[in-house]
Amino acid sequence: MSARDTGSDHLLPVQHLRPGDHAFVSYGNDEVRWEVVTAFVRLGLARGEKVLVLPCPGVPGEEVLARLDFPSRSTVSARARGQLVVSSMRELIRPDSEFTAARQMNRLGTETERATAEGYAGLRAFIDMGWVAALGTDVGAMERRETGAQALFAGRPYTEICAYDRRRFDRAVVSAMERAHPRALLERLGSLRSLRGPDGVLCFIGEADAANQDTFTRSLEIALAHTAALRRLTVDLTRLHFLSVGCTVRLLTLARAAAGHDLVEVRCDRGQRRMLRRLGGGTVPRLVLTEVVRAW
C-alpha cells in the first residue's frame, strides 16, 4: 500500500529539512548549540547548496570555525571556494545599519538568486537570533517577520533555521517563535521523540537506534495499551532519520503479540518498508505496511 505525505509535519530532525523549509530550533547551553548547525552545514555542502551561517554576535569567529570543522577540517575548502560563508546580520544588511524585515528578506532573496547563478543548488542559512539584542531590534518586529516570511521561501531553493538561545529570550517569546515557524527541529542529534495523536497514531521523530531502543519499545507498549479499545494502532516512522534493526524487531514482535488489535498499521518510507519485510513483516497477522511517498 502507499500514501502521499500531506506535508503537515511540524517537528522534524534537521536531516529532513528540504528547500523551502523555514524552521525553528532552540538550545539551552553552549555545547548543544553546535549540534544542529554543524549537521545543517555539512548536509547543505554535500547537496551542492551554498551555506550562510550567521552565528551569535558574542561568539568568537575562531570558535565558530573550529566547531564547524570538528573533528576534521572538512569545511576549509568550502570556505575557500565561497560555498560556505560565515558572516553576521550586520554584514547582511550593510550598508544600512537599521534592521527591517523587508530589508533582511530582500537581501536573503538576493543571496538565494546569487547562489543559483553561481551554480549551486540553492541557499541555506542558519541564523542565531542572538543578533536581535545586538542590533537593538524589537522582538515583536521579529515575530511579525517570522510569520510573514512566506514569500522568501515559496518556490525558492532557500532553507532557513532560526535558532533561539533559551537563556536570552523569555519562555513566552521562545514558545511564540516556535509556533510562528512552519517547522521545528529536535534540539539534539541522536534523540528520539514520540507523539501520540487522539486518532490512535503514534509518531516517532529522530533516531530509533540502540541507545533509544528501550524508549522506542516502551512508547509502543503504551500506545498499544491506549488503543486497546479502538482495536487498531497506526505507527508513523516517516519522521525518523534512522531506524535500527533492533528497533524494527521490537516493533514486529509487539505487533505479532497484539492479539487484541484488529489492525496495526505502520506508515514508513521505502527503505523502512524493505527492512520490515526482510525481517518478517509480511508474516505478522494484522500488520499492514503503508509506504508514504514524500513530497520532497
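Arg231 counts as partly exposed because its relative accessibility is 37%, where buried means under 20% relative accessible area, exposed over 50%, and partly exposed in between (1.4 Å probe, protein chains only). The model is predicted: local features need pLDDT of at least 70, side-chain atom pairs count only at pLDDT 80 or more, and totals for chains, interfaces and linings use all residues. Residues are numbered from 1 along each chain as its sequence is written, and side-chain values use heavy atoms, with hydrogens and water left out.

**Loop residues**

Arg231 belongs to the loop between α10 (213-226) and β11 (232-243); helices (H or I, at least four residues) and strands (E, at least two) are DSSP runs, numbered from the N terminus. Although Arg231 is not a glycine, its phi is positive, about 65°. Arg286 also has a positive phi in a residue other than glycine, near 65°. Gly260 is 29 residues from Arg231 in sequence, yet the C-alpha atoms of Gly260 and Arg231 are 6.3 Å apart in space. Once neighbours within four places in sequence are set aside, Gly260 is in contact (heavy atoms within 4.5 Å) with Ala228 and Arg231.

| Residue | Loop | Relative accessibility |
|---|---|---|
| Arg231 | between α10 (213-226) and β11 (232-243) | 37%, partly exposed |
| Gly260 | between α11 (245-257) and β12 (263-268) | 39%, partly exposed |
| Arg286 | between α12 (270-278) and β13 (287-293) | 25%, partly exposed |

A further loop, between α4 (89-93) and α5, contains Pro95. The peptide bond from Arg94 to Pro95 is cis, with omega near 10°.

**Helix α5**

Helix α5 comprises 17 residues (101-117) and should span 24 Å at 1.5 Å a residue, which agrees with the 24 Å between its end C-alpha atoms; the expected span is 1.5 Å times one less than the number of residues. Its buried residues are Gln104, Met105, Arg107, Leu108, Gly109, Thr112 and Ala115. An α-helix has 3.6 residues a turn, so residues three or four places apart point the same way. After α5 comes Gly119, with a positive phi near 100°.

**Strand β3**

Strand β3 (residues 22-27) is mostly covered, with six of its six residues buried. On one side these are His22, Phe24 and Ser26, and on the other Ala23, Val25 and Tyr27, so that both faces are covered. Two strands pair if DSSP finds at least two bridges between them. Strand β3 runs parallel to β7 (residues 158-165), to which six bridges join it, and Phe24 stands opposite Cys162 in β7. Two bridges join β3 to β8 (residues 183-185), also in parallel; here the bridge partner of Phe24 is Ala184.

**Cavities**

Five cavities of 30 Å³ or more are present in the structure. On a 1 Å grid over the protein atoms alone, a cavity is a set of points where a 1.4 Å probe fits but cannot get out, and lining residues have an atom within 4 Å of a point. The largest cavity has a volume of about 60 Å³, taken as the space filled by probe spheres set on the points, which are joined across faces, edges and corners. Its lining consists of Tyr27, Arg33, Trp34, Val37, Val53, Pro55, Cys56, Phe126 and Asp128. At least two lining residues come from each of α1 (33-46) and β6 (123-128), and α1 gives the most, with three. By class, seven lining residues are nonpolar, none polar and two charged, where Ala, Val, Leu, Ile, Met, Phe, Trp, Tyr, Cys and Pro count as nonpolar, Asp, Glu, Lys and Arg as charged, and the others, Gly among them, as polar.

Notes:
On a 1 Å grid over the protein atoms alone, a cavity is a set of points where a 1.4 Å probe fits but cannot get out, and a pocket is an open set with protein on both sides within 12 Å along at least five of seven lines; lining residues have an atom within 4 Å of a point.
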